[in-house]
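The exercises below are meant to be worked through with the sequence and the structure side by side. Try each task before reading its solution.

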Amino acid sequence: MPKPERRTRVDLAVAAVIVVVIVVAGVAIWSTSAVRGTSSDPTQNSAPLPTSASSVPSGLTEAWRAASNATTVPVVIGPVVVTGDGGAVIGHDPSTGRQLWSYRRDLPLCGVAGWPGSGRDYVIAVYRNARGCSEVTALYSATGQRAASRSSDADSTLDFSVEKDYFLAQGDTRLETWRSDLVRTIEYGRVDAPVNPGAQPRSGCELLSSAIGSGRVAVVERCGIEPGYRLTVLGATLDKDEKLDEQGSTLITADLGSPPRVVAVGANGVAVYVSSPSPMLESYALDGTLRGRTTLLGRAVGVESKPVSSGGLITFWTGEATVVLDASTLQARFQVPATLGPGVVMAGSLLLPSASGISEHNIVDGRPVRSIPVQRSGYGGGIITLGLIGDNLVQQWGSTISVLKPSAA
């Protein structure tokens with residue numbers, strides 16, 4: 001029988017060094033991981049979905065308000081109103097404002113968005129680190145539990161657009177689309193380490209506005225010494241050769257005045273708001289061919305003006321009026337002057353923010369029905385964007401979320 005091996009002092013020293021190295025490596029990985037500095041407080045019981053309003057209330061009064069500097073429009077998703085402020089994302093009871101769940105990181109938020117889809121309602125929280133707005137977490141809206149995460153190179157600010165199957169994140173030099181597990185499907189613009197060199201159709205362009213719909217991305221960009229702004233339409237996934245599917249790209253202006261804004265993308269075309277040389281809603285085919293123009297009241301608007309989809313309509317604020325589009329055809333139905341932002345459809349009526357409160361309009365032709373007075377303490381001007389959850393109306397101006405509940409007139 002062989003003698004057992006004897007451990008020498010050298011053997012013990014080497015083993016000790018290995019243990020120390022493993023411990024140090026583990027601490028280093030933990031200290032730089034997303035887990036450190038993250039606090040998640042989900043709810044164990046899913047909040048119930050609110051019942052849709054059966055009528056427009058005769059009066060509205062503020063139920064609660066909260067700060068939300070990481071959102072530009074009300075994030076109303078599933079059963080909650082979501083706010084993002086500092087590094088905290090909070091799901092609120094829509095009627096009382098009570099915190100139902102929270103998710104916090106020791107990083108600043110770039111933005112928060114709601115993403116409704118088949119079988120899930122996500123809250124997307126995007127945080128800023130040394131690589132830009134690159135840390136992304138998907139949360140289930142009903143519980144606040146984490147669903148997925150991703151990290152990649154990104155610009156320092158991002159704008160978001162969503163449809164059922166894809167999420168679009170656009171910066172000023174690059175954009176990405178993600179599917180529901182947050183796996184990237186395309187990247188466009190600046191690509192630091194391209195898998196397929198030469199796959200990008202242009203380089204060095206500034207991305208100014210974008211939207212996603214029907215599995216397509218439309219983006220307005222300014223490229224090099226071109227005399228105007230370019231509209232490009234891309235597929236939201238790569239083609240069969242694993243390359244970008246560019247379906248059309250063309251100059252849509254002859255000068256570099258105020259940049260156009262993409263309003264909506266449909267199965268057969270793109271709607272774009274152009275303020276220079278005069279305000280118009282322009283309709284383009286997917287290959288970039290101009291189909292028609294509708295004259296509007298308006299002025300130059302920036303990223304603060306975002307389209308809102310509600311009840312088969314898309315509303316977009318032009319700075320002086322709200323233009324109302326059919327969500328299927330993207331054709332302008334009518335415009336309502338003297339508004340303060342886009343609106344929502346409630347119980348078969350179109351509600352829009354006005355200087356005196358909320359104006360109710362006929363959904364077919366925009367005819368005024370009545371005005372509901374609302375007091376907005378602390379409002380100092382600028383766009384007001386509306387959201388709807390149950391019979392509660394949600395307003396956002398600046399970093400303020402204000403939730404209105406029905407009351408007696």
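**Exercise 1.** Which strands each supply at least two residues of the lining of the largest cavity?

*Solution.* The model is a predicted one, and the search begins with the cavities themselves. The structure holds one cavity of 30 Å³ or more, and the space in the largest cavity comes to about 90 Å³. This largest cavity is lined by 14 residues, and those closest to its centre are D153, A154, L158, E176 and W178. Turning to the strands, β9 (132-140) and β13 (174-178) are the ones that each give at least two residues to the lining. Of the lining, β13 contributes the most, namely four residues. As a last step, the lining residues can be sorted by character, which gives seven nonpolar, three polar and four charged.

**Exercise 2.** Determine with which strands β6 is paired here, in what sense, and whether strand β6 is largely enclosed or open.

*Solution.* Begin with strand β1 (residues 38-41), which runs antiparallel to β6 and is joined to β6 by four bridges; one position to look for is D41, whose bridge partner in β6 is S102. Next take strand β5 (residues 88-92), which also pairs with β6 in the antiparallel sense, over five bridges, and here H92 has Q99 as its bridge partner in β6. The link between β5 and β6 is a hairpin with six residues between the two strands, and in its turn G97 has a positive phi of about 85 degrees. Finally, consider burial, where a residue counts as buried under 20% relative accessible area. Five of the seven residues of β6 (residues 99-105) are buried, and therefore the strand is largely enclosed by the rest of the structure.

**Exercise 3.** Decide whether L286 is buried or exposed, and find which residues L286 touches beyond its neighbours in sequence.

*Solution.* First locate the residue: L286 sits in the loop that lies between β21 (280-284) and β22 (290-295). Its relative accessibility is 14%, and because the limit for a buried residue is under 20%, L286 counts as buried. Then list the contacts, leaving aside residues up to four places away in sequence: L286 touches R216, V233, Q247, G248, G266, A267, N268, G269 and V270. A further step is to look at L231, which is 55 residues from L286 along the chain, while the C-alpha atoms of the two are separated by 9.8 Å.

Key: Residues are numbered from 1 along each chain as its sequence is written. This is a predicted model: local features need pLDDT of at least 70, side-chain atom pairs count only at pLDDT 80 or more; totals for chains, interfaces and linings use all residues. Side-chain values use heavy atoms; hydrogens and water are left out. Buried means under 20% relative accessible area, exposed over 50%, partly exposed in between (1.4 Å probe, protein chains only). Two strands pair if DSSP finds at least two bridges between them. Contact means heavy atoms within 4.5 Å. On a 1 Å grid over the protein atoms alone, a cavity is a set of points where a 1.4 Å probe fits but cannot get out, and a pocket is an open set with protein on both sides within 12 Å along at least five of seven lines; lining residues have an atom within 4 Å of a point. Grid points are joined across faces, edges and corners, and a volume is the space filled by probe spheres set on the points. Ala, Val, Leu, Ile, Met, Phe, Trp, Tyr, Cys and Pro count as nonpolar, Asp, Glu, Lys and Arg as charged, and the others, Gly among them, as polar.
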